[in-house]
Amino acid sequence: MNPTADILVAIDGSAEGTAALTWASREAQVSARGLRVVHVVEYLPGYGYFWASTVGATTALQDSGERVVADARAFVREIAPTVPVRARAMTGSVVQTLLAECDDASLAVVGSRGAGAISRLLLGSVSYRLATHASCPVVIVDQAGDAGAGRGAGGAPVDRVVVGVGGSRDTSEVVEFAFAEAELHGVPLIAIRTWEPPDSPIALRHDDTVGADYSADREDYERAQLLHALAPARAAHPRVRVTARVRIGGVAARLTRACHPRDLLVIGHRHSGRFYPPALGAVSSAVAHHARCPLAVVPVQAPANVPAKTPAAAGRK
């Protein structure tokens, strides 16, 4: 991934597509990157092969796509006049076309749901599959919030960056992305790490502790791990104001509750290729469906399996 490459934004003529276009335009202006606007027209199965293969039907679909693209180009010029824009309408599979476009983009931005009535019930299939399989970070923007609302031309799209720092060893890319966004926009960063107490009060190992002693040791351990994970990016981005929080509870609930509509929430997703894994993990999926602000899903490579110390043992003084 080239961090200076264009920002890709997928549009479909919906309100969510417009919110994504607004966010991406302002991100491109702040970061001095170009914007690549793509509208993909996909033949629907209900149209039938004969109808879709006629010259008139193909021309009508292409004309409709060109109108959407022309409107998008004019919209970007209005709110981010200095941003170089390339816009095109394409035909084919929406997901596969956008995944191919992601391969040489620094960032992809998409609306949380598409124009279909059924897809408005939950996170749309296109945005979900892009977040799952794209080779670059994907920002999902929800029109229901005010992420796409205007503050005049050139208004910054981010007030704070909130990043979830998990217990795995593959967090460096996620943390670096969050710090870079916070520095780019000149906003504070909130790093959150969560833990949950054991289901049983019975110690599973002779060196485990329970009750108050366990909670104190676990809290110290989680905070030390969080600060350790933040240290390299902190050194690389010394101007970023950082707040490190350790909380008890489910990570998805803690992250979504911590965010305001104009924040950027950053999480990681283990990426193993375009077709595997078939879905986001349980935590990432829950956050993606319930986030109240733009959500950045950063692909990370799964590390080799390395045995780790238990939290109680590692945190014991």
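Analyst: A residue is called buried when its relative accessible area is under 20%. Keep that cut-off in mind as we look around this predicted model.

User: Thanks! Why is Cys 102 called buried or exposed, whichever applies?

Analyst: Cys 102 has a relative accessible area of 1%. The cut-off for buried is under 20%, so Cys 102 with its 1% counts as buried.

User: What about Cys 136: buried or exposed, and how do you know?

Analyst: The relative accessibility of Cys 136 is 1%. Set against the limit of under 20%, that value makes Cys 136 buried.

User: How many disulfides does the structure have?

Analyst: A search of the whole structure turns up zero disulfides.

User: Why do Cys 102 and Cys 136 not count as a disulfide?

Analyst: A disulfide needs two cysteine sulfur atoms within 2.5 Å. For Cys 102, the closest cysteine sulfur is in Cys 136, at 4.1 Å, which is too far for a bond. Starting from Cys 136 instead, the closest cysteine sulfur is that of Cys 102, at 4.1 Å. Therefore the pair does not meet the definition.

User: Let's turn to the helices. How are α1 and α6 oriented, and what makes you say that?

Analyst: Helix α6 covers residues 172-185, and α1 packs with α6 at an angle of about 75 degrees, their axes being 10 Å apart. That makes the two helices roughly perpendicular, because angles of 65 to 115 degrees fall in that class.

User: Which residues meet where α1 and α6 pack?

Analyst: On the α1 side they are Glu 27, Val 30 and Ser 31, and on the α6 side Glu 181, Leu 184 and His 185.

User: Where does Glu 27 sit, and what does Glu 27 touch?

Analyst: Glu 27 belongs to helix α1, residues 15-31. Beyond its neighbours within four places in sequence, its contacts include Ile 7, Leu 107 and Pro 157, as well as Glu 181, Leu 184 and His 185.

User: What makes Glu 27 buried or exposed?

Analyst: Its relative accessibility is 0%. Buried requires under 20%, so Glu 27 counts as buried.

User: How do you know whether Leu 98 is buried or exposed?

Analyst: Leu 98, in helix α4 (residues 94-102), has a relative accessible area of 3%. With the limit at under 20%, Leu 98 is therefore buried. Leaving aside neighbours within four places in sequence, Leu 98 is in contact with Leu 8, Ala 10, Val 38, Val 40, Val 126 and Leu 130.

User: What covers the buried residues of α5?

Analyst: The cover includes α4, β4, β5 (138-141), β9 (264-270), α9 (282-290) and β10 (295-300). Leu 130 and Tyr 128 are among the buried residues of α5.

User: And Ser 112, in the loop between β4 and α5: what makes its side chain's link to Asp 142 a polar contact?

Analyst: The two side chains come to 3.4 Å, and a polar contact asks for N or O atoms within 3.5 Å, one able to donate a hydrogen and the other to accept it. Ser 112 is also buried, since its relative accessible area is 4% and the limit is under 20%.

User: How many residues does the protein chain have, and what share of them is buried?

Analyst: Of the 317 residues in the protein chain, 47% are buried. The chain has 10 helices and 10 strands.

Conventions
Residues are numbered from 1 along each chain as its sequence is written. This is a predicted model: local features need pLDDT of at least 70, side-chain atom pairs count only at pLDDT 80 or more; totals for chains, interfaces and linings use all residues. Side-chain values use heavy atoms; hydrogens and water are left out. Helices (H or I, at least four residues) and strands (E, at least two) are DSSP runs, numbered from the N terminus. Buried means under 20% relative accessible area, exposed over 50%, partly exposed in between (1.4 Å probe, protein chains only). Contact means heavy atoms within 4.5 Å. Axes are lines fitted to C-alpha atoms, for helices over the stretch in contact, and angles run from 0 to 180 degrees between N-to-C directions. Angles under 35 degrees count as roughly parallel, over 145 as roughly antiparallel, 65 to 115 as roughly perpendicular and the rest as oblique.
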